[in-house]
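Okay, thanks for making time, everyone. Let me put the structure up and then walk you through a few spots in it.

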Amino acid sequence: MNKLIERSELRDIYEKVEAVQRINEDDCLRLYRSQDLAAIGAMANLVRERKNGNDAYYILNRHINYSNICILDCDFCAFYRRRRDAGAYEYNLPQMIEKAQEALKLGITEIHIVGGLHPSFKWDYYVDMLRSLKALDPNLHLKAFTAIEILHLSWVGKRSVPETLAALREAGLGSLTGGGAEIFDPEVRSIICHAKESAEEWLDVHRTWHQMGGRSTCTMLIGHVEKEHHRVDHLRRLREMQDETRGFTAFVTLAFHPDNTKLPDVTGPSGYDMLKTLAIARIYLDNIDHIKAYWILMGMKLAQVSLSYGVDDLDGTIMEEKIYHMAGAQTPQEMAREELVKAIRETGREPVQRDSLYRTVKAHGPAQAMSSATSEEVSSVAGPVESAYAGASNEGGAA
């Protein structure tokens with residue numbers, strides 16, 4: 001144990017982590033209330049390297065946000081539009097096929113598909129979407145729809161949730177995205193997404209999918225009206241679900257941004273808060289193998305630093321992300337493979353191209369030099385998060 005930890009008020013928690021003992025909710029709340037980010041980061045890095053060594057993952061993927069027209073009007077959302085609103089859009093099938101074909105030429109292995117809860121799209125629209133995209137390449141993984149969208153499609157198709165999921169899987173659905181979770185606490189949901197389905201309904205969709213052998217990601221939206229104990233409760237419910245089903249592949253922290261929302265007086269999380277939350281998630285979610293820093297949301301500099309704070313995945317090439325950029329995100333809308341590899345190497349981690357289920361596609365070999373985040377680097381990105389998360393009735397790129 002180094003001197004940093006010996007002097008820390010969090011030494012007892014560190015000793016649990018070092019002994020591979022599960023921390024409890026009280027421990028998790030203490031971590032949130034502590035200002036000792038260095039100790040929290042050291043614990044998170046210990047868990048990260050125990051699980052994933054020096055590897056840092058990325059994927060070649062493309063996002064298709066098929067429509068922003070939505071029947072909901074969540075206060076935290078800058079993405080949704082009514083049909084006649086300025087900026088409302090929807091893609092038809094030929095448009096989606098064209099986008100997918102362009103991306104396949106660049107070597108993508110995954111298409112990430114989410115959109116608003118459209119008031120008039122029929123069941124066949126979604127089934128034809130999956131079948132047509134899957135027909136382009138049988139090895140293409142379709143990571144599609146949030147739990148909230150699945151509940152909407154269940155209503156549209158007049159099918160039970162299990163029947164809906166089975167039909168979508170037959171059409172080509174590979175895995176579910178983690179969006180729509182926001183914060184599970186009902187009082188928080190009543191403020192930021194009053195008409196959205198409950199935490200229990202979100203969890204039950206993922207439970208059903210996992211029981212069918214499917215995999216999904218999970219998320220938490222921070223920096224709005226939630227408090228620390230709401231975050232702990234949210235993480236607890238995810239850990240309990242994972243104990244039950246073992247179906248989550250990764251966890252993603254999402255940052256709220258107030259621009260163009262109905263919550264303009266909320267500031268959103270700082271870079272410091274994002275780093276701390278990612279690190280705490282790595283420590284607490286001991287049964288989820290991967291923690292993802294969504295670079296298009298955080299900015300690449302902060303995402304790079306997070307690789308020393310429990311994160312082992314920077315997501316991917318993305319291409320044409322709309323949800324965060326409609327909230328004012330200034331990050332690029334895509335990242336070339338070479339840039340992702342370079343960004344990972346700069347941190348001393350070893351880049352590994354993965355598929356959607358974290359199987360290795362290409363290992364790039366050892367990094368040339370090992371480094372870790374310095375206090376100056378952390379300080380330089382500890383202010384407002386570089387790019388904005390605005391949300392929608394689903395989190396477009398979240399998982």
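Quick bit of vocabulary before anything else: when I say strand, I mean a DSSP run of E with at least two residues, and strands are numbered from the N terminus. With that in hand, Q353 is one of the residues in strand 10. And please keep in mind that this is a predicted model.

So, the overall picture. We've got 16 helices and 11 strands in this protein. Of the 399 residues, 62% are buried. If you take the contacts with a separation of 6 or more, 76% of them are between residues 24 or more positions apart.

Back to Q353, then. Is Q353 buried or exposed? The relative accessible area of Q353 comes out at 4%, and the cut-off for buried is under 20%, so Q353 is buried. What does Q353 touch, once we skip residues up to four places away in sequence? The list is Y58, L60, T109, R337, R359, T360, V361, K362 and H364.

Now the hairpin that strand 10 belongs to. Strand 10 is residues 350-354, strand 11 is residues 360-363, and the two run antiparallel with three bridges joining them. One pairing to look at on screen: R354 has T360 in strand 11 as its bridge partner. Between the two strands there are five residues. Y358 is in that loop, and its phi is positive, near 70 degrees, in a residue other than glycine. Y358 is also buried, at a relative accessible area of 12%.

Y358 has company on the phi front. R246 also isn't a glycine, and its phi is positive too, near 55 degrees. You'll find R246 in the loop between helix 11 and strand 7, which is 248-255. How accessible is R246? Its relative accessible area is 47%, so R246 counts as partly exposed.

Let's step back into helix 11 itself, where Q242 is found. Q242 has 2% relative accessibility, so we call Q242 buried. Leaving out residues up to four places away in sequence, Q242 touches G247, F248, N287 and I288. Take N287 from that list: Q242 and N287 are 45 residues apart in sequence, yet C-alpha to C-alpha they're 6.6 Å apart in space.

Staying with helix 11, which is residues 228-245, let's look at how helix 10, residues 199-211, packs on it. The axes come within 10 Å and cross at roughly 25 degrees. What do we call that arrangement? Anything under 35 degrees counts as roughly parallel, so helix 10 and helix 11 are roughly parallel to each other. Helix 10 passes helix 11 in a right-handed crossing. On the helix 10 side, the residues in the contact are A199, E200, W202, L203, R207, H210 and Q211, and from helix 11 they meet R237, L238, M241, E244 and T245. Sorted by class, that contact has five nonpolar, three polar and four charged residues.

There's another helix pair to set next to that. Helix 5, residues 93-104, packs with helix 6, residues 123-136, at an angle of about 30 degrees, and the axes are 10 Å apart. That angle makes helix 5 roughly parallel to helix 6. The crossing of helix 5 past helix 6 is right-handed. Who meets whom? From helix 5 it's L93, M96, I97, A100, Q101 and L104, and from helix 6 it's Y125, D128, M129, S132, L133 and L136. The class split for that contact is nine nonpolar, two polar and one charged.

Last stop, a sheet. There's an open sheet of four strands, in the order 2-3-4-5, with parallel pairing. Which strands are at the edges? Strand 2, 61-65, and strand 5, 173-175, each of which pairs on one side only. From one strand to the next, the twist averages 40 degrees. Inside the sheet, strand 3, residues 110-114, and strand 4, residues 141-144, pair in the parallel sense over four bridges. If you want a place to zoom in there, E110 stands opposite H141 in strand 4.

That's my tour, so let's go to the discussion.

Definitions and conventions
Residues numbered from 1 in each chain as written. Predicted model: local features only at pLDDT ≥ 70, side-chain atom pairs only at ≥ 80, totals over all residues. Heavy atoms only, no water. Axes fitted to C-alpha atoms, helices over the stretch in contact; angles between N-to-C directions. Parallel < 35°, antiparallel > 145°, perpendicular 65-115°, else oblique. Left-handed = near helix turned anticlockwise from the far one by under 90°. Contact = heavy atoms within 4.5 Å. Nonpolar A, V, L, I, M, F, W, Y, C, P; charged D, E, K, R; others polar. Pairing = 2+ DSSP bridges. Buried < 20%, exposed > 50% of the residue type's maximum accessible area, 1.4 Å probe, protein only.
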